[in-house]
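Here is a small set of exercises to work through with the viewer open. Try each task yourself before you read the solution.

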Amino acid sequence: MPIRPLTFLPASVLRKTAEPVKTVDDDIRQLMDDMLETMRHEQGLGLAAPQIGQSLRVIVMDCSDEDDPDPMIWKMANPEIISASEDTASMEEGCLSIPGYRGEVTRPASVEVSYLDETGAEKTMQADGLLAACVQHEIDHLNGKLFIDYLSRAKRDLIIRKVTKDARIDRDG
Ligand SMILES: [Zn+2]
């Protein structure tokens with residue numbers, strides 16, 4: 001299962017609406033496995049396909065504790081939020097595509113998500129706590145949205161300016 005290179009802000013694929021998966025076939029299953037491998041290598045809790053340059057509606061997550069007897073590993077195609085709670089929760093979020101930056105994001109505290117699993121079966125998931133924040137963050141990626149979009153304009157602009165400058169330095173130097 002190869003680890004795939006990550007894409008970073010300001011890559012345009014991170015701002016595109018990703019394409020729905022037509023069928024969950026071997027290619028999609030391979031993509032899911034590679035994404036899990038890449039996510040673990042980078043020590044992330046979740047990863048969306050645009051973060052490895054694939055504009056497809058696929059996400060993976062592993063929000064379990066190290067000593068969790070029942071690990072929560074999720075592989076999802078075409079995930080969609082079908083209901084969200086009115087009460088909200090705030091959590092500090094980061095993103096593998098925006099390394100070095102974190103910010104407090106307020107989202108619905110719990111959500112219900114429909115998706116296709118790795119066999120193509122239609123499933124729903126009820127999420128709260130960390131998992132709820134994680135799945136909303138990853139689904140945002142499929143819609144070209146990033147956690148920095150929830151921050152104040154000043155803070156967001158500062159982060160974009162800094163990472164764009166860093167990217168230029170990387171390219172030129
Ligand atoms: Zn992210």
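**Exercise 1. Place Gln-43 in the chain, then decide whether Gln-43 is buried or exposed.**

Solution. Start with the location: Gln-43 sits in the loop between helix 1 and strand 1 (46-48). Keep in mind that you're looking at a predicted model. Next, check the accessibility. The cut-off for exposed is over 50% relative accessible area. Gln-43 comes out at 73%, so Gln-43 is exposed. Last, have a look at the backbone: phi of Gln-43 is near 60°, a positive value in a residue other than glycine.

Now for a second residue with this kind of backbone angle. Asn-78 isn't a glycine either, and its phi is positive at about 50°. Asn-78 belongs to strand 3 (residues 73-84).

**Exercise 2. Work out the overall architecture: how many helices and strands does the chain have, and in what pattern do they follow along the sequence?**

Solution. Count the elements, and you get three helices and seven strands. Then walk along the sequence, where the pattern reads α-β-β-β-β-β-β-β-α-α. How compact is the chain for its length? Its radius of gyration is 16 Å, close to the 16 Å that the globule rule gives for 173 residues, so the chain is as compact as a globular protein of that length.

A few more numbers fill in the picture:

- Along the principal axes, the C-alpha atoms fill a box of roughly 45 × 40 × 35 Å.
- Of the 173 residues, 43% count as buried.
- Take the contacts between residues at least 6 apart in sequence: 64% of them join residues at least 24 apart.
- The chain exposes about 9,400 Å², and carbon and sulfur atoms supply 47% of that area.
- There are 20 positive and 32 negative charges, and their mean positions are 11 Å apart.

**Exercise 3. Find the residues that coordinate the zinc ion, and say which parts of the chain Cys-95 and His-141 come from.**

Solution. Begin at the metal. The zinc ion is coordinated by Cys-95 through SG, and by His-137 and His-141 through NE2, at 2.1 to 2.3 Å. Written as a sequence motif, the donor spacing is C-x41-H-x3-H. Cys-95 and His-141 link distant parts of the chain, being 46 residues apart. Cys-95 is in the loop between strand 4 (88-94) and strand 5 (102-108), while His-141 is in helix 2 (residues 129-142).

Now ask about accessibility. Both Cys-95 and His-141 are buried. For Cys-95 you can put a number on it: buried means under 20% relative accessible area, and Cys-95 has 10%, so Cys-95 qualifies.

Finally, look around Cys-95. Beyond residues up to four places away in sequence, Cys-95 touches Gln-51, Tyr-101, His-137, His-141 and Phe-147. The C-alpha atoms of Cys-95 and His-137 are separated by 8.9 Å, with their positions 42 residues apart along the chain counted as the sequence distance.

**Exercise 4. Compare the surroundings of Gln-136 and Pro-108: which residues does each one contact?**

Solution. Take Gln-136 to begin with. Gln-136 lies in helix 2, and at 6% relative accessibility Gln-136 counts as buried. Skip residues up to four places away in sequence, and Gln-136 touches Ile-81, Arg-107, Pro-108 and Val-111.

Over to Pro-108, which is found in strand 5. Its relative accessible area is 25%, so Pro-108 is partly exposed. Leaving aside neighbours within four places in sequence, Pro-108 is in contact with Ala-84, Ser-85, Asp-87, Thr-88, Ala-89 and Gln-136. Pro-108 and Asp-128 are 20 residues apart in sequence, and their C-alpha atoms are 8.9 Å apart in space.

**Exercise 5. Find the cis peptide bond, then work out how far Pro-10 is from Lys-165 in sequence and in space.**

Solution. The cis peptide bond joins Leu-9 and Pro-10, with omega at about 10°. Pro-10 is in the segment before helix 1 (26-41). Lys-165, in turn, is in helix 3 (residues 153-172). Pro-10 and Lys-165 are 155 residues apart in sequence, yet 9.8 Å apart in space, C-alpha to C-alpha. As for accessibility, Lys-165 has a relative accessible area of 52%, so Lys-165 is exposed.

Notes:
Residues numbered from 1 in each chain as written. Predicted model: local features only at pLDDT ≥ 70, side-chain atom pairs only at ≥ 80, totals over all residues. Heavy atoms only, no water. Donors = N, O, S within 2.8 Å, 3.2 Å for Na, K, Ca; no water. Helix = DSSP H or I, 4+ residues; strand = E, 2+ residues; numbered from the N terminus. Buried < 20%, exposed > 50% of the residue type's maximum accessible area, 1.4 Å probe, protein only. Rg over C-alpha atoms; globule rule 2.2 N^0.38 Å. Contact = heavy atoms within 4.5 Å. Areas by Shrake-Rupley, 256 points an atom, 1.4 Å probe, with all protein chains shown as cover. Lys, Arg positive; Asp, Glu negative; His and termini not counted. Charge placed at Lys NZ, Arg CZ, Asp CG, Glu CD.
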